Amino acid sequence: VHRAHSLLSFESSLHITIEHTANLFVAGHAWLAYICDYYYATLHFVVTIGVLIWLYLRHPLRYRSIRSVLMIMNVVALVGFWFLSLAPPRMLPGFTDTLIKFHTWGSIASGSLAKESNQYAAMPSLHVGWALWCAIAIVTLAERRWVRILGITYPLLTALVIIGTANHFVLDAAGGALRS
């Protein structure tokens, strides 16, 4: 929690503290909170697994190397979680944990699942890292322009969602992008 306060102070010095405003906006609109919460709780896995399956079936010669990049990214993230445990904004005063407030099904941040997951693994953001990995694979290999456009927008929307739901700081998203 101390590191979270320090990170927020550092972001303030950079004038990039949008977390509280974004969280107030998302939490203040139930329909938006539900969309963001379910995006956060599901797409992280669904899209990544979907891209892995797509690569395996449609681009088998590229699958192994691209999958290996994802595995290496996860190992690097685990090292980051180990050495830089960081509470997400939702654990700080003044922020709303939208996943709990709106009772999001499948959230690892609440209920018995919270006991089984690392609640202090905010830096780097795996959500953004995986989303950027998906985007790079899609933009590089997809043939249809609209699919490539979706690929580009996915990590951008993911960054907005993780910040708006108070699950990550702006610099967590940057750390996830750098890890990619």
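A helix axis is here a line fitted to the C-alpha atoms over the stretch in contact, and the angle between two axes runs from 0 to 180 degrees between their N-to-C directions. With that in hand, the pairing of helices in this predicted model can be followed step by step.

A good place to start is the pair H3 and H4. Helix H3 covers residues 30–58 and helix H4 covers residues 60–83; their axes come within 6 Å and cross at roughly 150°. Angles over 145 degrees count as roughly antiparallel, and H3 and H4 are therefore roughly antiparallel to each other. On the H3 side, the contact is made by Thr48, Leu52, Leu55, Tyr56, Leu57 and Arg58. Helix H4 answers with Pro60, Tyr63, Ile66, Arg67 and Leu70. Sorted by character, the residues of this contact between H3 and H4 comprise eight nonpolar, one polar and two charged.

Further along the chain comes another pair. Helix H7 (residues 126–141) packs with helix H8 (residues 145–164) at an angle of about 170°, and their axes lie 8 Å apart. By the reasoning already used, H7 and H8 are therefore roughly antiparallel to each other. From H7, the residues that take part are His127, Val128, Ala131, Leu132, Cys134, Ala135, Ile138 and Val139. They meet Val147, Arg148, Gly151, Ile152, Tyr154, Pro155, Thr158, Ala159 and Ile162 in H8. In this contact of H7 with H8, 13 residues are nonpolar, three are polar and one is charged.

Helix H7 also holds Trp133. This tryptophan has a relative accessible area of 5%, so Trp133 is buried. Trp133 and Ile66 are 67 residues apart along the chain, yet 8.7 Å separates their C-alpha atoms. Ile66 has appeared already, as one of the H4 residues in the contact with H3.

Stepping back, how many helices and strands does the chain contain? There are nine helices and zero strands, which read along the sequence as α-α-α-α-α-α-α-α-α. The radius of gyration is 16 Å, close to the 16 Å that the globule rule gives for 180 residues, so the chain is as compact as a globular protein of that length. Along its principal axes, the C-alpha trace spans about 50 × 35 × 35 Å. Of the 180 residues, 44% count as buried. Among contacts in the chain with a separation of 6 or more, 82% are between residues 24 or more positions apart.

Charged side chains deserve a look too. Side chains of opposite charge can pair when their charged atoms come close. The structure holds one salt bridge, in which the side chains of Arg90 and Asp97 meet at 3.9 Å, N to O. Are these partners buried or exposed? Buried means under 20% relative accessible area. Arg90, at 14% relative accessibility, therefore counts as buried, and Asp97 is buried with a relative accessible area of 12%.

Finally, two loop residues have a positive backbone phi without being glycine. His15 has a phi of about 60° and is found in the loop between helix H1 (2–14) and helix H2 (19–27). Ala166 has a phi near 65° and sits in the loop between H8 and helix H9 (170–179). Their surroundings offer a contrast: His15 counts as exposed at 72% relative accessibility, whereas Ala166 is buried, with a relative accessible area of 0%.

Definitions and conventions
Residues numbered from 1 in each chain as written. Predicted model: local features only at pLDDT ≥ 70, side-chain atom pairs only at ≥ 80, totals over all residues. Heavy atoms only, no water. Helix = DSSP H or I, 4+ residues; strand = E, 2+ residues; numbered from the N terminus. Parallel < 35°, antiparallel > 145°, perpendicular 65-115°, else oblique. Contact = heavy atoms within 4.5 Å. Nonpolar A, V, L, I, M, F, W, Y, C, P; charged D, E, K, R; others polar. Buried < 20%, exposed > 50% of the residue type's maximum accessible area, 1.4 Å probe, protein only. Salt bridge = Lys/Arg side-chain N within 4 Å of Asp/Glu carboxyl O. Rg over C-alpha atoms; globule rule 2.2 N^0.38 Å.
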